[in-house]
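Hi everyone, thanks for making time. I'd like to walk you through a structure that's new to most of us, so let's put it up on the screen.

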Amino acid sequence: MNMPSPSGPHAVSRLRSARLARSSKPFLARGGPRGERCAGCRLVPSHCLCALRPLLPVRAGVCLLMADIEPLKPSNTGWVVAEVVADTFAFGWARTEVDPALLALLADPQWQPYLVFPGEFVDAERVVSDVQPLETNTGKRPLFVLLDATWPEARKMFRKSPYLDKLPVLSLQSEQLSSYKLRRSQRDAHFCTSEVAALCLALAGEVHAAETLAAYLDVFTDHYLRAKQQLPVDGDDAAHQRLRALAHSQHSCFDSC
């Protein structure tokens, strides 16, 4: 088995660049530093995360449908997903138009798309709670379509995106409470985008990738908050140790495969 390798900017980074190119004025992250940021991880250079980025073979894919300024926010965790899941696709959402590349992706026969959304807002016949394993039926790879936005924005996107109406809706049934500390939802049971992606990967049988994504989110959150508070990073804390342990187990698997 071969290790994947990074090949230029990932999908969220490219979407961010395109969004910045359309901006009439610079985007300033609210409450954050105004100085230099790493182009790779968006953190200040003293707290750069790039050397810790996991490289994993993941069969599942993630399609991020992002609200207008989400790609610009340093706290956006769709970026974290794109750093771990090689087949991450990112598209900006607009009410009046849809990117033809998004429609092509959803129609691509190699993928089985699942729109991830709470089942309580959807007709029961569309709701599923499991993901078909890769080996069964058509052998299609699961593609998880995530609405990367605030909860009010996500509900609007769901209602006003008719091209998503034919997709099965994956309703997550986790009893976990969100541990994401950078932007708090009004409801504790609402997960951030990276947490949702990790739950989806676990459902698809990608348990190691799910655990690694969750660990990487914890480390990203730690670096982000410490940079904001002007505190040094503790590379030997529990979050960093967990991420290193997962990376070590992955390398051991590659060595024996």
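Okay, one term before we start: when I say a residue is buried, I mean it has under 20% relative accessible area. Also, please keep in mind that this is a predicted model.

Let's begin with helix α5, residues 193–203. Of its 11 residues, 9 are buried, so the rest of the structure largely encloses this helix. Which ones are they? Reading along α5, the buried ones are Thr193, Ser194, Glu195, Val196, Ala197, Ala198, Leu199, Cys200 and Leu201. And what do they pack against? There are two helices, α2 (78–84) and α6 (207–228), and then the strands β1 (61–66), β3 (111–116), β5 (141–148) and β6 (169–170). Just after α5 comes Gly205, and its phi is positive, near 85 degrees.

Now hang on to Leu201, because of what comes next. The largest nonpolar core here has 44 residues, and the members touching the most others are Phe144, Leu146, Leu201 and Leu213. As for who contributes, α1 (11–22), β1, α2, β3, β5, α5, α6 and α7 (238–256) each give two or more residues. The top contributor is α6, with 9 residues.

If you zoom in on Leu201 and skip its neighbours within four places in sequence, you'll find it in contact with Val58, Ala60, Val85, Phe144, Glu206, Val207, Ala209, Ala210 and Leu213. Apart from that core there's another one, of 21 residues, and Cys63, Leu106, Leu164 and Leu167 are among them.

Staying with α6 for a moment, have a look at His223, which sits in that helix. Is it buried or exposed? With a relative accessibility of 4%, His223 counts as buried. Leaving out residues up to four places away in sequence, His223 touches Leu43, His47, Cys48, Leu49, Leu52, Val233 and His240. Take Leu43: it's 180 residues from His223 in sequence, yet their C-alphas are 7.8 Å apart in space. With His47, there's a polar atom of the His223 side chain 2.9 Å from the His47 backbone oxygen.

On to the sheet. You've got 6 strands in an open sheet, paired in parallel, and the order is β2-β1-β5-β3-β6-β4. At the edges are β2 (88–92) and β4 (127–128); each has a single partner strand, so one side of each has no neighbour in the sheet. For β4, the pairing with β6 is parallel and runs over 2 bridges. One detail there: Val127 has Val169 of β6 as its bridge partner.

Two helices lie across this sheet's strands. Helix α3 (residues 100–107) crosses β1, β2, β3 and β5, at about 140 degrees to β2. Helix α4 (residues 151–159) lies across β1, β3 and β5, and runs at about 120 degrees to β5.

Past α4, in the loop that leads to β6, we come to Pro162. Unlike our histidine, Pro162 is exposed, at 57% relative accessible area. Its C-alpha is 10.0 Å from that of Arg95, and the two are 67 residues apart in sequence.

Last thing: how confident is the predictor? The chain has a mean pLDDT of 85, with 81% of residues at 70 or more. Over residues 184–188, though, the pLDDT is below 50, and this stretch has 6 contacts in the model beyond near neighbours in sequence. Where pLDDT is low, the predicted coordinates shouldn't be read in detail.

Terms used. Residues numbered from 1 in each chain as written. Predicted model: local features only at pLDDT ≥ 70, side-chain atom pairs only at ≥ 80, totals over all residues. Heavy atoms only, no water. Buried < 20%, exposed > 50% of the residue type's maximum accessible area, 1.4 Å probe, protein only. Helix = DSSP H or I, 4+ residues; strand = E, 2+ residues; numbered from the N terminus. Contact = heavy atoms within 4.5 Å. Core = buried A, V, L, I, M, F, W, Y, C linked by side-chain atoms within 4.5 Å. Polar contact = N/O pair within 3.5 Å; in protein donor to acceptor, adjacent residues only side chain to side chain. Pairing = 2+ DSSP bridges. Axes fitted to C-alpha atoms, helices over the stretch in contact; angles between N-to-C directions. pLDDT = per-residue confidence, 0-100.
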